[in-house]
Amino acid sequence: MASTVVAVGLTIAAAGFAGRYVLQAMKHVEPQVKQVFQSLPKSAFSGGYYRGGFEPKMTKREAALILGVSPTANRGKIRDAHRRIMLLNHPDKDTVTYSCSPSTQRRG
């Protein structure tokens with residue numbers, strides 16, 4: 001009985017020291033973690049969709065937010081982002097025409 005109490009006490013003490021060590025280590029890593037999160041595009045956390053209000057005339061900044069690219073992105077990145085969004089939202093994606101015979105069904 002006494003050995004069990006001692007073992008539980010040592011386990012709790014070890015967990016406490018390990019937790020303290022982890023918290024102290026995290027204080028040193030925190031600036032690097034913040035820098036990584038700030039360098040990521042904002043669209044990475046919004047589920048891929050721009051959930052903002054629209055301006056009367058679309059600006060380059062707003063178009064970049066919708067596409068999830070930097071406002072200074074090159075043509076290739078803009079084209080790839082546009083293609084990705086168009087494929088995700090295409091009406092024929094993952095559809096099957098049930099009115100046709102099975103041999104002529106169109107699969108998405």
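Select phenylalanine 54 to begin, and show the residues around it: once its neighbours within four places in sequence are set aside, phenylalanine 54 is in contact with Glu62 and Ile66. Keep in mind from this first stop onward that the model on your screen is a predicted one. If you colour the chain by secondary structure, you will find phenylalanine 54 in the loop that runs between helix H1 (2-39) and helix H2 (60-67). Is phenylalanine 54 buried or exposed? Phenylalanine 54 counts as exposed, because its relative accessible area is 57% and the cut-off for that word is over 50%.

Next, select helix H2, and within it pick out Glu62, Ala64 and Leu67, which are the buried residues of this helix. Glu62 therefore appears twice on the tour, as a contact of phenylalanine 54 and as a buried residue of H2, where buried means under 20% relative accessible area. Which element do the buried residues of H2 pack against? Their packing partner is helix H3 (75-88), so it is helpful to display H2 and H3 together, as the buried residues of H2 pack against H3. Before leaving this region, move to glycine 68, which comes just after H2 and takes a positive phi of about 80°.

Now go on to helix H3 and select lysine 77, which lies in that helix. Lysine 77 counts as exposed, because its relative accessibility is 55% and exposed means over 50%. If you draw a distance from the C-alpha atom of lysine 77 to that of leucine 67, the two atoms are separated by 9.6 Å, while the residues stand 10 apart along the chain.

Turn then to helix H1 and select methionine 26, which lies in this helix. Methionine 26 is partly exposed, because its relative accessibility of 46% falls between the 20% and 50% cut-offs. Add Tyr21, Val22, Val29 and Val33 to the selection, since together with Met26 these residues make a nonpolar surface patch of about 460 Å².

Finally, clear the selection and look at the whole protein chain, which comes to 3 helices and 0 strands, with its elements running α-α-α from the N terminus on. Buried residues make up 6% of the 108 residues in the chain. Among the contacts with a separation of 6 or more, 6% are accounted for by residues 24 or more positions apart. With the surface switched on, the chain exposes about 9,500 Å², and carbon and sulfur atoms supply 63% of that area.

Note on methods
Residues are numbered from 1 along each chain as its sequence is written. This is a predicted model: local features need pLDDT of at least 70, side-chain atom pairs count only at pLDDT 80 or more; totals for chains, interfaces and linings use all residues. Side-chain values use heavy atoms; hydrogens and water are left out. Helices (H or I, at least four residues) and strands (E, at least two) are DSSP runs, numbered from the N terminus. Buried means under 20% relative accessible area, exposed over 50%, partly exposed in between (1.4 Å probe, protein chains only). Contact means heavy atoms within 4.5 Å. Patches are made of residues with over 30% relative accessible area and no salt bridge: like charges are joined within 9 Å, nonpolar side chains (Val, Leu, Ile, Met, Phe, Trp, Tyr) within 5 Å. Accessible areas come from the Shrake-Rupley method with a 1.4 Å probe; for residues, only the protein chains shown count as cover. A salt bridge is a side-chain nitrogen of Lys or Arg within 4 Å of a carboxyl oxygen of Asp or Glu.
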